[in-house]
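Trainee: I should like to understand the terms applied to this structure. May I ask how each one is justified?

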Amino acid sequence: MEALWKQASRIKEQVARQGVFKQFGAGAYGNPDNPFTDESEVKLHQRLEKLYLSTRAAKHFQRDIVRGVEGYIVTGSKQVEIGNKLSDDSQKYGIENTCTSGNTLSRAATYFGKARSLIEKERGNMLKAFGTQVAEPLRAMVMGAPLEDARHLAQRYDRMRQEADAQVVEVSRRQNRVRESAGNGEVISKLEAAEYKLEELKSNMVGLGKEAVSAMAAVEGQQQRLTLQRLIAMVEAERAYHQRVLEILDHLEEEMVSERQKIEAPPTPAAESYMPPPPSYDEVNGMFASTSADQSVNSVDFFLGEALDSFKAESESELNLSVGDIVIIRKISSNGWAEGECKGKAGWFPHAYVERRERVLASKVPHIF
């Protein structure tokens, strides 16, 4: 019996609440589950909910970008450190190289080290741009006052809705008591006070809701613009880095390919086309007869040399050479020519075409004279 009485009381209270809903704004668009279900207030509430979700998602995305950029800066800084170490080691080898067969590799190492240093400098500039142009502005907005203020307004609006819902229940209780008290003045007075408070809550809630929507909409627009701008800034910084690195690598490749060609290709006659002509025998004899200290041809102890490349004589005073020929070298000119004998003939040839040999195969000795 007691259970039936409680159930009847709940039904009676629900009917009374529905009456209050209709009296305080339900209208043609009423919803008995909401204390203020007029169309404008419903739309306001729905708009605020969407703005709250939108700004929260954008805030999380901004935070993800900041974390990603910060991680990229940390790993990138480590790469800069490693790259600079490689640059230093390469340039150190280029300076201290003791190779006896040439300095082609040392020059290439120096070129590589300098280029690597420039690349790491560009990487450092890119990482700095990521920090100042992307991470810092987004972090400031995530932690900024406008977003927090707008969210506080939305939370105040939500609390006021809950308070209004509770006030609807209070009004329904007062209405039940008025009916039960058969026109008691004090009970009626309390009902009127409850209804007045409900109307006041409704008015304040609508005003607060509009204020919250306006603030959240402004934050949403700022989030969209700023986040897009920072993403574009990140793309532009990385694009500029890669363009500059490409220019550095193109120049480095040209320098290193040039060095490779020098080490792979032996001297050619064309390379010597700008050499001054060899001195004539009359000039050589006159110079040796002179006591002048400024001599351009020096007599040396005879030594053997092996031709590294072919040389075609262009005058009677020059000596034809083939690769592998053994030459007795007797004189060396300061302008790059040497005089010697090979295969029974004597003449001048570019000194760079031969390399000194301390020993030669016995099979090649007969071909010298």
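Mentor: The discussion below takes the terms in turn and sets values against definitions. This is a predicted model, in which local features need pLDDT of at least 70 and side-chain atom pairs count only at pLDDT 80 or more, while totals for chains, interfaces and linings use all residues. Residues are numbered from 1 along each chain as its sequence is written, and side-chain values use heavy atoms, with hydrogens and water left out.

Trainee: What makes a stretch of the chain a helix or a strand, and how many of each are there?

Mentor: Both are DSSP runs numbered from the N terminus: helices are H or I runs of at least four residues, and strands are E runs of at least two. The chain has six helices and five strands, in the order α-α-α-α-α-α-β-β-β-β-β from the N terminus.

Trainee: Why is Ser 87 called buried?

Mentor: Buried means under 20% relative accessible area, exposed means over 50%, and partly exposed lies in between (1.4 Å probe, protein chains only). Ser 87 has 1% relative accessibility and therefore counts as buried. Ser 87 belongs to helix α2, as does Ser 90. At 11% relative accessible area, Ser 90 is therefore buried. Of the 369 residues in the chain, 35% are buried.

Trainee: Which residues does each of these serines touch?

Mentor: Contact means heavy atoms within 4.5 Å. Not counting residues up to four places away in sequence, Ser 90 touches Ala 109, Thr 110, Phe 112 and Gly 113. With its neighbours within four places left aside, Ser 87 is in contact with Gly 113, Lys 114, Arg 116 and Ser 117.

Trainee: How do you know that the side chain of Ser 87 makes a polar contact?

Mentor: A polar contact is a pair of N or O atoms within 3.5 Å; within protein, one must be able to donate a hydrogen and the other to accept it, and residues adjacent in sequence count only if both atoms are side-chain atoms. A polar atom of the Ser 87 side chain lies 2.6 Å from the backbone oxygen of Gly 113, so the pair meets the definition. The side chain of Ser 90 likewise reaches the backbone oxygen of Leu 86, at 2.9 Å.

Trainee: What makes a group of residues a nonpolar core, and which members of the largest one touch the most others?

Mentor: Such a core is a set of buried Ala, Val, Leu, Ile, Met, Phe, Trp, Tyr and Cys residues joined through side-chain atoms within 4.5 Å. The largest has 20 residues, and Val 69, Phe 130 and Leu 138 touch the most other members. Helices α2 (39–96), α3 (104–142) and α5 (185–264) each supply at least two of its residues. The largest share, ten residues, comes from α3. Apart from this core lies another, of 17 residues, including Leu 44 and Met 216.

Trainee: Why may Leu 44 be a member of a core of buried residues?

Mentor: Leu 44 has 14% relative accessibility and so counts as buried. Leu 44 lies in helix α2, and its C-alpha is separated by 8.2 Å from that of Val 206, 162 residues apart along the chain.

Trainee: How do you know that the span of α3 is close to the expected one?

Mentor: The expected span is 1.5 Å times one less than the number of residues. For the 39 residues of α3 this is 57 Å, and the helix reaches 55 Å from its first C-alpha to its last. There is also a kink of about 30° at Ala 135, shortly before the proline Pro 137; the bend is the angle between axes fitted to the seven residues ending there and the seven starting there.

Trainee: Is Lys 343 buried, exposed or partly exposed, and what is notable about its phi?

Mentor: At 48% relative accessibility, Lys 343 counts as partly exposed. Its phi is near 55°, a positive value in a residue other than glycine. Most residues other than glycine have a negative phi. Lys 343 is in the loop between β3 (337–342) and β4 (345–350).

Trainee: What makes the pair of Asp 325 and Lys 343 a polar contact?

Mentor: Their side chains are 3.4 Å apart, so the pair falls within the limit for a polar contact. Asp 325 lies in the loop between β1 (297–307) and β2 (326–333) and, at 10% relative accessible area, is buried.
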